[in-house]
Amino acid sequence: MAMAYDYCFKFIIIGDSCCGKSCLLFRFVEDKFDESKQCTIGVEFGARIITIDKTQIKLQTWDTAGQEEFRSITRSYYRGACGALLVYDVTKRATFERIRNWFQEVQQYANEHIAITLVGNKCDLEPWEVSFEEGAAFAKEHGIAFHQTSAKTSLNVDEAFLQTARTVFGKVRSNVYDLSVSDSCGIKVCRPARPAAHSRGCCKS
């Protein structure tokens, strides 16, 4: 039986190829880690229902490919997203150096009210090439949230998604979005007949 929820938020995960974006989504949705997971080809999808202030919210998350040849496909997913996780690999400095380009793409193609969280992934590995302070400084400069995560150990994975969702939900309560046009703001109002329990797992839309 399908789980009921009040809202559906559309999220995207973006960043260079092989930063662990697919593993982050798999950890968040299934609470599992798959070391053999390959780089995403095109776009992958996962969903999980969360609870914020007794409100059931389905996070419908699209994991986008980082390769340049898929960029035109992934850009189309920016439109209509209310949240974005901007991911780099803390052990590969080049992936952090390109974060500014990814951030500019979000600003160019996504709606102006999108909530963005910078994510420094693979914190379980060493040596690091990007310090916590560098990631935090970029986030502060651009007024976005920041978390260092490990899809392998689950460190801060839930919090990265949940903080982004809390930011979006706060904007919903402040009437920032025009919810009559869900395709443009990435938020669908569902209003279930009865409250749903917290769930974890892939959901089909």
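Read from the N terminus, the chain runs β-α-β-β-α-β-α-α-β-α-β-α-α-β, which comes to seven helices and seven strands. Helices here are DSSP runs of H or I with at least four residues, strands are runs of E with at least two, and both are numbered from the N terminus. The model is a predicted one, where local features need pLDDT of at least 70, side-chain atom pairs count only at pLDDT 80 or more, and totals for chains, interfaces and linings use all residues. Residues are numbered from 1 along each chain as its sequence is written, and side-chain values use heavy atoms, with hydrogens and water left out.

Of the 205 residues, 50% are buried; buried stands for under 20% relative accessible area, exposed for over 50%, and partly exposed for anything in between, with a 1.4 Å probe and protein chains only. Among contacts (heavy atoms within 4.5 Å) with a separation of 6 or more, 75% join residues 24 or more positions apart.

Now for the inside. A nonpolar core is taken as a set of buried Ala, Val, Leu, Ile, Met, Phe, Trp, Tyr and Cys residues joined through side-chain atoms within 4.5 Å. The largest such core has 31 residues, and F9, F11, L59, V168 and I187 touch the most other members. At least two residues each come from β1 (7-15), α1 (21-30), β2 (43-52), β3 (55-64), β4 (83-89), β5 (115-121) and α6 (157-173), with α6 giving the most, eight residues. A second core of 23 residues lies apart from this one and includes I14, F103, I114 and L118. Back in the largest core, V168 is in contact with F9, F11, C82, A115, Y177 and I187, leaving aside neighbours within four places in sequence.

Helix α1 is largely enclosed by the rest of the structure, because eight of its 10 residues are buried: K21, S22, C23, L24, L25, R27, F28 and V29. The axes of α1 and α6 come within 9 Å and cross at roughly 85°. Axes are lines fitted to C-alpha atoms, for helices over the stretch in contact, and angles run from 0 to 180 degrees between N-to-C directions. The two helices, α1 and α6, are therefore roughly perpendicular; the cut-offs are under 35 degrees for roughly parallel, over 145 for roughly antiparallel, 65 to 115 for roughly perpendicular, and oblique for the rest. On the α1 side L24, L25, R27 and F28 meet V157, D158 and F161 of α6. R48 lies over the face of F28, 4.4 Å from the ring centre, where a charge sits over a ring if NZ of Lys or CZ of Arg is within 6 Å of the ring centre and within 35 degrees of the ring normal. F45, in strand β2, is 23 residues from S22 in sequence and 9.3 Å away in space, C-alpha to C-alpha. F45 is partly exposed, at a relative accessible area of 29%.

On to the rings: the structure holds nine aromatic pairs. Rings of Phe, Tyr and Trp (its six-membered ring) pair if their centres lie within 6.5 Å, with planes under 30 degrees apart counted as stacked, over 60 as edge-to-face and the rest as tilted. F103 and F138 have ring centres 6.1 Å apart and planes at 85°, so this pair is edge-to-face. The pair links distant parts of the chain, with F103 in α4 (residues 99-109) and F138 in α5 (residues 132-142), 35 residues apart. Both F103 and F138 are buried, and they belong to one aromatic cluster with Y88 and F96. F132 and F146, by contrast, make a tilted pair, since their centres are 5.3 Å apart and their planes at 50°. F132 is partly exposed at 43% relative accessible area, whereas F146 is buried at 14%. Q148, found in strand β6, also touches F132, along with V90, G120, C123, W128, S131, L155 and N156, not counting residues up to four places away in sequence. Q148 counts as buried, at 8% relative accessibility.

Finally, some backbone oddities. Most residues other than glycine have a negative phi, and most peptide bonds are trans. D31, in the loop between α1 and β2, has a positive phi of about 55° without being a glycine. K54, in the loop between β2 and β3, has a phi near 65° and counts as exposed, at 80% relative accessibility. The peptide bond from E126 to P127 is cis, with omega near -5°, and P127 lies in the loop between β5 and α5.
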